[in-house]
Amino acid sequence: MKINWGTAIVIAFGLFMTFILYFVFKVQSDSKYDNDLVVEEYYKHDSHFGEEMERIQNAHDLKQKPTIITMKDGVKIVFPNTFESKNIKGEVLMYRPSNKKLDFNTAIALTNSELLIPQKKLIKGRWDVNMEWQYNGKQYLTKEVVYIN
């Protein structure tokens with residue numbers, strides 16, 4: 001049997017499409033490959049984007065901003081002494097871009113204007129720290145990326 005160039009191209013396309021479809025089905029059916037969205041309700045989250053930008057601007061306009069420091073004990077969040085610790089309320093979301101299962105929230109409970117997130121809750125790598133807080137009725141949002149070694 002002799003195969004001409006047209007038949008060879010059709011066979012090559014067919015094999016390539018089979019190869020691609022095999023990997024698509026493998027990734028979709030295997031739980032090892034987690035392909036979830038970053039945010040569960042993306043459109044609902046996106047509709048509040050203007051409010052989020054306002055809270056980020058409020059934090060940016062502060063003369064003295066909270067600082068996020070990585071230490072061997074964990075991640076320390078230090079608020080300036082000009083803030084009264086008892087009037088600060090909110091939470092810190094530790095977001096792990098590579099694995100949604102490692103994300104967690106911590107309520108802001110300050111001791112001496114500081115909050116420590118212990119090292120045992122954190123694994124090595126990149127963490128996005130999203131801190132939503134309010135002080136005297138004004139809302140703030142601070143976003144920062146930290147790397148744990």
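**Exercise 1. Charges.** Count the positive and negative side chains of the protein, and state how far apart the centres of the two sets lie.

*Solution.* Start with the counting rule: Lys and Arg are positive, Asp and Glu negative, while His and the chain ends are not counted. Place each charge at NZ of Lys, CZ of Arg, CG of Asp or CD of Glu. The count gives 20 positive and 18 negative side chains. The centres of the two sets lie 6 Å apart.

The model is predicted: local features need pLDDT of at least 70, side-chain atom pairs count only at pLDDT 80 or more, and totals for chains, interfaces and linings use all residues. Residues are numbered from 1 along each chain as its sequence is written, and side-chain values use heavy atoms, with hydrogens and water left out.

**Exercise 2. Elements and overall form.** List the order of helices and strands, then compare the radius of gyration with the globule rule.

*Solution.* Take the elements as DSSP runs numbered from the N terminus: helices are H or I of at least four residues, strands E of at least two. There are three helices and seven strands. From the N terminus, the order is α-α-α-β-β-β-β-β-β-β. The radius of gyration is 24 Å, well over the 15 Å that the globule rule gives for 149 residues, so the protein is more spread out than a compact globule. The radius is taken over C-alpha atoms, and the rule is 2.2 Å times the number of residues to the power 0.38. Along the principal axes, the C-alpha atoms fill a box of roughly 85 × 35 × 25 Å.

**Exercise 3. The core.** Find the residues with the most contacts inside the largest nonpolar core, and the strands that supply it.

*Solution.* Collect buried Ala, Val, Leu, Ile, Met, Phe, Trp, Tyr and Cys residues joined through side-chain atoms within 4.5 Å. Buried means under 20% relative accessible area, exposed over 50%, partly exposed in between (1.4 Å probe, protein chains only). The largest core has 24 residues; Phe79, Val92, Met94, Ile108 and Trp133 have the most contacts inside it. β2 (74-78), β3 (88-95), β5 (114-118), β6 (125-135) and β7 (138-148) each supply at least two of its residues. β6 gives the most, with five.

**Exercise 4. Positive phi.** Locate Ser113 and Asn136, and decide whether each is buried or exposed.

*Solution.* Most residues other than glycine have a negative phi. Ser113 has a positive phi of about 65°. Ser113 sits in the loop between β4 (104-107) and β5, and is buried at 9% relative accessibility. Asn136 has a positive phi of about 50°. Asn136 lies in the loop between β6 and β7, and is exposed, at 58%.
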